[in-house]
Number of protein chains: 2
Amino acid sequence: MSGKKIIAKIIDSLPDGAEQSVCTCGGLEGLISRLPDNSEIEEISLIFRALADEKRINILSMLEIQPLCVCIIRAVLDVSDSRLSYHLSILKKAGLITGEQKGTWITYSLTEKGKKWFFSCKQNME
Amino acid sequence: MSGKKIIAKIIDSLPDGAEQSVCTCGGLEGLISRLPDNSEIEEISLIFRALADEKRINILSMLEIQPLCVCIIRAVLDVSDSRLSYHLSILKKAGLITGEQKGTWITYSLTEKGKKWFFSCKQNME
DNA sequence: CATATGATTCAAATTAATTTGAAACAGGTA
DNA sequence: TACCTGTTTCAAATTAATTTGAATCATATG
């Protein structure tokens, strides 16, 4: 079934007058065409899922002050090693932080992406 | 146990040299004092949890274009009524959208908060 | 090389979020 | 009133995220 036909079918299922209410954007078709594409939506929600945890927000808050080794983060947050590693890995996968080995220790810091997102978060909370 | 004593205990548990690495922010104590407080952290993660879902990002994208009734959103996203209601309720609880009854229909739109967060999300994705 | 320490990985258990379908609710109309 | 339609609510089932503790890895040092 073609795109046009699918849209026609959707419109058909709407109550009377609903389609007309979509007036400023080229109807249902215009609406659908202006949604972000799937890969972008996936990337956005990967980042938001990474940000959607209190421990991880605390980690970002600490790293915004200065790069820190795992043991300091661990001490401040009072969590187990493996639990902290898990949260760090989520932030790393989302591209918000990066870790650099320095001898035995690993020092984490915000990436540019991490700084950008955390900064706008802070702004929006003001 | 007092705050100072707790911090002293934490420092005690750190490997040699770790505390000295926290140099630019007044040591562990300075670090802890600069973390956001709990209520703020909770509010932030409520918002991020609301944003951490692909359907909900799509909903916000649609509402950014114009206010829409439930049946249009439902048609575009192709989800069941109850599933859509669930996602709308999450966004509403986070204060990102608001619904206004217009006759039989309910029209949802972005709140100021919703616009602010969604805008900075778009900016960060550029 | 053996050992110690900082950090990660893995699988199992727990907890939280999402989906589903049935039932209920609310406004409009005959 | 009774009914229809758009929407929400609820409980049960499913799926995803998080936590836990043991095992492993990696680097430094005796």
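This note goes through a predicted model, starting with the fold of chain A and ending with the salt bridges.

1. Overall make-up of chain A. Chain A contains eight helices and three strands. Read from the N terminus, its elements follow the order α-α-α-α-α-β-α-α-β-β-α. Of its 126 residues, 44% count as buried. The exposed surface of chain A comes to about 6700 Å², and carbon and sulfur atoms supply 49% of that area. Among contacts in chain A with a separation of 6 or more, 46% are between residues 24 or more positions apart.

2. The sheet of chain A. The three strands of chain A make an open sheet in the order 1-3-2, with antiparallel pairing. Strand 1 and strand 2 of chain A are the edge strands, each pairing on one side only. Strand 1 (residues 68-69) meets strand 3 (residues 105-110) of chain A over two bridges, in the antiparallel sense. Here A:Leu68 is opposite A:Tyr108, and A:Cys69 is opposite A:Thr107.

3. The hairpin of chain A. Strand 2 (residues 97-102) and strand 3 of chain A are antiparallel and share six bridges. One of the facing pairs is A:Thr98 with A:Ser109. Two residues separate these strands in the hairpin, and A:Gly103 in the turn has a positive phi of about 65°.

4. Strand pairing in chain B. In chain B, strand 1 (residues 68-69) and strand 3 (residues 105-110) run antiparallel and are joined by two bridges. B:Cys69 faces B:Thr107 in strand 3 of chain B. Strand 2 (residues 97-102) of chain B is linked to strand 3 of chain B by six bridges, again antiparallel. B:Thr98 has B:Ser109 as its bridge partner in strand 3 of chain B. Strands 2 and 3 of chain B form a hairpin with two residues between them, and B:Gly103 in the turn has a positive phi of about 65°.

5. Geometry and start of helix 5 of chain B. Helix 5 (residues 54-65) of chain B has 12 residues, which at 1.5 Å a residue should span 16 Å; the end C-alpha atoms are 17 Å apart, which agrees. The N-terminal end of helix 5 of chain B is capped by B:Asp53, with a side-chain oxygen 2.8 Å from the backbone nitrogen of B:Lys55.

6. Burial of helix 5 of chain B. Nine of the 12 residues of this helix are buried, so helix 5 of chain B is largely enclosed by the rest of the structure. The buried set includes the polar or charged residues B:Arg56, B:Asn58 and B:Ser61. In full, the buried residues are B:Arg56, B:Ile57, B:Asn58, B:Ile59, B:Leu60, B:Ser61, B:Met62, B:Leu63 and B:Ile65.

7. The loop residue B:Val79. B:Val79 sits in the loop between helix 6 (70-77) and helix 7 (81-93) of chain B. With a relative accessible area of 7%, B:Val79 is buried. Leaving aside residues up to four places away in sequence, B:Val79 touches B:Lys55, B:Arg74 and B:Leu84. B:Lys55 is 24 residues from B:Val79 in sequence, and the two C-alpha atoms are 9.2 Å apart.

8. Salt bridge in chain A. Over all chains the structure holds eight salt bridges. One of them joins the side chains of A:Glu43 and A:Lys113, at 3.8 Å from N to O. A:Glu43 belongs to helix 4 (residues 38-51) and A:Lys113 to helix 8 (residues 112-125) of chain A, so the pair ties together parts 70 residues apart in sequence. A:Glu43 is partly exposed at 35% relative accessibility, and A:Lys113 is partly exposed at 27%.

9. Salt bridge between helices 5 and 8 of chain B. The side chains of B:Lys122 and B:Glu64 form a salt bridge at 3.1 Å, N to O. Since B:Lys122 lies in helix 8 (residues 112-125) and B:Glu64 in helix 5 of chain B, the pair ties together parts that are 58 residues apart in sequence. B:Lys122 counts as partly exposed at 39% relative accessibility, and B:Glu64 is partly exposed with a relative accessible area of 37%.

10. Salt bridge within helix 8 of chain B. B:Glu112 and B:Lys115 meet through their side chains in a salt bridge of 3.4 Å, N to O. The two are three residues apart in helix 8 of chain B, so about one helical turn separates B:Glu112 from B:Lys115. B:Glu112 is exposed, at 59% relative accessible area, whereas B:Lys115 is partly exposed at 43%.

Technical notes:
Residues are numbered from 1 along each chain as its sequence is written. Chains are lettered from A and ligands numbered from 1 in the order in which they are written. This is a predicted model: local features need pLDDT of at least 70, side-chain atom pairs count only at pLDDT 80 or more; totals for chains, interfaces and linings use all residues. Side-chain values use heavy atoms; hydrogens and water are left out. Helices (H or I, at least four residues) and strands (E, at least two) are DSSP runs, numbered from the N terminus. The expected span of a helix is 1.5 Å times one less than its number of residues. Buried means under 20% relative accessible area, exposed over 50%, partly exposed in between (1.4 Å probe, protein chains only). A polar contact is a pair of N or O atoms within 3.5 Å; within protein, one must be able to donate a hydrogen and the other to accept it, and residues adjacent in sequence count only if both atoms are side-chain atoms. Contact means heavy atoms within 4.5 Å. Two strands pair if DSSP finds at least two bridges between them. Accessible areas come from the Shrake-Rupley method with a 1.4 Å probe; for residues, only the protein chains shown count as cover. A salt bridge is a side-chain nitrogen of Lys or Arg within 4 Å of a carboxyl oxygen of Asp or Glu.
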